[in-house]
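Ready for some practice with a protein structure? Try each task yourself before you read the solution.

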Amino acid sequence: MRILLVGAGGTLGSAVHKALTECGHEVIGVGRTGGDLVADVSDPAAVSRLYAQAGPLDAVAVAAGDAVFRPLSELTADDFAATFRGKALSQLELVRQGAAHVAPTGSFTLISGVLTEEPIVAGAAASAANGAVEAFVRAAAIELPPQRINAVSPTVTEESLPAYGPFFVGMEPVPAARVATAYVRSVEGAQTGEVYRVR
């Protein structure tokens, strides 16, 4: 398959890229500042250009999303807007536009996260955005067939503990490679409207 992978250069994205490549797929990596293609997917116009550059695709997978982490009392309207744009709206736009560029039997794999179900202090914006992504996956799954759509919802990865560990006190991390197997399952499987939780 020919797969567009957004966030391919990140910690999780690198593991997903490796897993999909080892399965024999052609992976086109997308990053904000580097990769096979460069795009800021929070900009709908950039998403349009990205699909025009990418050419025919069998799948789109997302392994990145920006969120603001601050106590609720300190979150501003701009923080919420930035989080929804970076984590939710960017992914919804990739699907909205991508449906016309992905093969009829192709798929989309989005990313949410553990905070949908297990909130943390300073994570309200991220929890809300994750929940929006999962709700969208369920709703889009009834309109996209024969194309499929799923989400991967990981807990914090072992590799991300230096940066995010203090936010996820008491949560058991998982290796990024284990999360990547959920992406393979979504891309190669037959299910749609699913949220693959990796804990």
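**Exercise 1.** Work out whether Arg199 is buried, partly exposed or exposed in this predicted model, then find out which residues are joined with Arg199 in one network of salt bridges.

*Solution.*
Step 1. Start with the number: Arg199 has a relative accessible area of 30%. Buried needs a value under 20% and exposed a value over 50%, with partly exposed in between, so Arg199 is partly exposed.

Step 2. Now look for a partner. The side chains of Arg199 and Glu117 meet in a salt bridge, at 2.5 Å from N to O. Glu117 sits in the loop between S5 and H4, while Arg199 belongs to the segment after S7, so you have to look 82 residues along the chain to get from one to the other.

Step 3. Check Glu117 for another partner. Arg197 forms a salt bridge with Glu117 too, and here the closest N and O atoms are 2.8 Å apart. This pair also links distant parts of the chain, since Arg197 lies in strand S7, 80 residues from Glu117.

Step 4. Try the cut-offs again. Arg197 has a relative accessible area of 38%, so it is partly exposed, and Glu117 is partly exposed as well, with 38%.

Step 5. Put it together: through shared partners, salt bridges join Glu117, Glu134, Arg197 and Arg199 into one network.

**Exercise 2.** Lys18 forms a salt bridge with Glu22. Describe where the two residues lie, and decide whether each is buried or exposed.

*Solution.*
Step 1. Begin with the general idea: side chains of opposite charge can pair when their charged atoms come close.

Step 2. Apply it here. The closest N and O atoms of Lys18 and Glu22 are 2.7 Å apart, and this is one of nine salt bridges in the structure.

Step 3. Find them on the chain: both lie in helix H1 (residues 11-22), four residues apart, or about one turn of the helix.

Step 4. Compare with the cut-off of over 50% for exposed. Lys18 has 52% relative accessibility, so it counts as exposed. Glu22 has 58%, so it counts as exposed.

**Exercise 3.** Explain why strand S6 is described as largely enclosed, and name the strands joined to it by bridges.

*Solution.*
Step 1. Count the buried residues: in S6 (residues 148-154), seven of the seven are buried, so the strand is largely enclosed by the rest of the structure.

Step 2. Check each face. Arg148, Asn150, Val152 and Pro154 are buried on one side, and Ile149, Ala151 and Ser153 are buried on the other.

Step 3. Look at the strands. S5 (residues 102-111) runs parallel to S6, with five bridges joining them, and Ser107 stands opposite Arg148. S7 (residues 195-198) is also parallel to S6, joined by four bridges, and there Val198 is the bridge partner of Pro154.

**Exercise 4.** Which residues touch the most other members of the largest nonpolar core?

*Solution.*
Step 1. The core has 53 residues, and the answer is Leu4, Ile149 and Tyr183.

Step 2. Ask which element gives this core its largest share: that's helix H6 (residues 176-188), with seven residues.

Step 3. Zoom in on Tyr183. Leaving out residues up to four places away in sequence, its contacts include Leu12, Val16, Ala61, Thr109 and Val152.

Methods:
Residues are numbered from 1 along each chain as its sequence is written. This is a predicted model: local features need pLDDT of at least 70, side-chain atom pairs count only at pLDDT 80 or more; totals for chains, interfaces and linings use all residues. Side-chain values use heavy atoms; hydrogens and water are left out. Buried means under 20% relative accessible area, exposed over 50%, partly exposed in between (1.4 Å probe, protein chains only). Two strands pair if DSSP finds at least two bridges between them. A nonpolar core is a set of buried Ala, Val, Leu, Ile, Met, Phe, Trp, Tyr and Cys residues joined through side-chain atoms within 4.5 Å. Contact means heavy atoms within 4.5 Å. A salt bridge is a side-chain nitrogen of Lys or Arg within 4 Å of a carboxyl oxygen of Asp or Glu.
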